[in-house]
Amino acid sequence: KRVAIFISGGGSNMLRLVDSMTGDHPGRPVLVLSNRADAGGIAAAAARGIATAVVDHRPFKGDRAGFEAALQAELDRAAPDILCLAGFMRVLTAGFVMPWAGRMLNIHPSLLPKYRGLDTHARALAAGDAEHGCTVHEVTPELDEGPILGQARVAVAQDDTPDTLAARVLAMEHQLYPAVLRRFAQGDRSPLLLP
Ligand code: GRF
């Protein structure tokens, strides 16, 4: 399966996905795209010989459809079977998402359906949750909705700050996303629960 990955920043999840697609893995990375030219993940992907693209969202201010048409033009060129969002920080409209229904994944740093949106770690701490984690789900037009393909849980520590909790969740993201992508690329959509 040809896999494209969208990022906005460091791309640590993208790198784990790329590095997992070796040997008998059913997936192969065909494109890493960022909405920011300064995303560290772009240089890292290029260093791995993977095709990269940058579609800066700023020239399209107020023209979401134009931005998404530019994204789709890059996808038309790379012709992926699966699209993975990995730390991609732009909201995508139904117009972009619908044609990718059933072929598009995202990782979100909370145990969905809890804490859709931003600042998930601070919100879990404020709520006094005993556990937190991350979710890989199929992307649908509703933000952070869609069928859950995998979740990983971490215990919240008394002295956790949003940063310490985020770091532990990110480490679990790096385990969860590659495991879910491997299953998904083989047609297995049964939820994976870690640990
Ligand atoms: C992290 O906050 C992660 O929880 C979320 O996207 C952010 C950046 O991840 N999925 P990455 O290092 O760019 O993959």
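Guide: Welcome! A helix here is a DSSP run (H or I) of at least four residues and a strand a run (E) of at least two, both numbered from the N terminus. The model you are looking at is predicted.

Visitor: Thanks! In which loop does Ala79 lie?
Guide: Ala79 is worth a look, since its phi is positive, about 50°, although it is not a glycine. Most residues other than glycine have a negative phi. As for its place, Ala79 lies in the loop between helix H3 (64–78) and strand E4 (82–85).

Visitor: Which residue forms a cis peptide bond with Leu112?
Guide: Most peptide bonds are trans. The bond following Leu112 is cis, with omega near 10°. The partner sits in the loop between strand E5 (104–108) and helix H5 (120–126), and that partner is Pro113.

Visitor: What is the omega of the peptide bond from Leu194 to Pro195?
Guide: Pro195 is found in the segment after strand E8 (192–194). The bond from Leu194 to Pro195 is cis, with omega near -5°.

Visitor: Let's turn to the ligand. How far from a ligand oxygen atom is the polar side-chain atom of Ser12?
Guide: Gly11 places a backbone N or O atom 3.0 Å from an oxygen atom of the ligand, and a backbone N or O atom of Asn13 lies 2.8 Å from one. For Ser12, a polar side-chain atom is involved, and its distance to a ligand oxygen atom is 2.5 Å.

Visitor: How much of the ligand's exposed area does the protein bury?
Guide: The ligand sits in the largest pocket. Taken alone, the ligand exposes 360 Å², and the share of this that the protein buries is 76%.

Visitor: Which elements give two or more residues to the shell around the ligand?
Guide: The residues surrounding the ligand include Ser12, Asn13, Leu170 and Glu173. By class, the shell has three nonpolar, five polar and one charged residues. The elements giving two or more residues are helix H1 (12–20) and helix H6 (162–185).

Visitor: Which feature does UniProt place at residues 1–181?
Guide: That span is 35% helix and 23% strand, and its end C-alpha atoms lie 10 Å apart. The unreviewed UniProt entry gives the feature as "domain: Formyl transferase N-terminal".

Note on methods
Residues numbered from 1 in each chain as written. Predicted model: local features only at pLDDT ≥ 70, side-chain atom pairs only at ≥ 80, totals over all residues. Heavy atoms only, no water. UniProt positions renumbered as here; feature names shortened; annotations may be inferred. Near = heavy atom within 4 Å. Polar contact = N/O pair within 3.5 Å; in protein donor to acceptor, adjacent residues only side chain to side chain. Areas by Shrake-Rupley, 256 points an atom, 1.4 Å probe, with all protein chains shown as cover. 1 Å grid on protein atoms, 1.4 Å probe; cavity = no way out; pocket = protein on both sides within 12 Å on 5 of 7 lines; lining within 4 Å. Sits in = over half its atoms within 2 Å of the grid points. Nonpolar A, V, L, I, M, F, W, Y, C, P; charged D, E, K, R; others polar.
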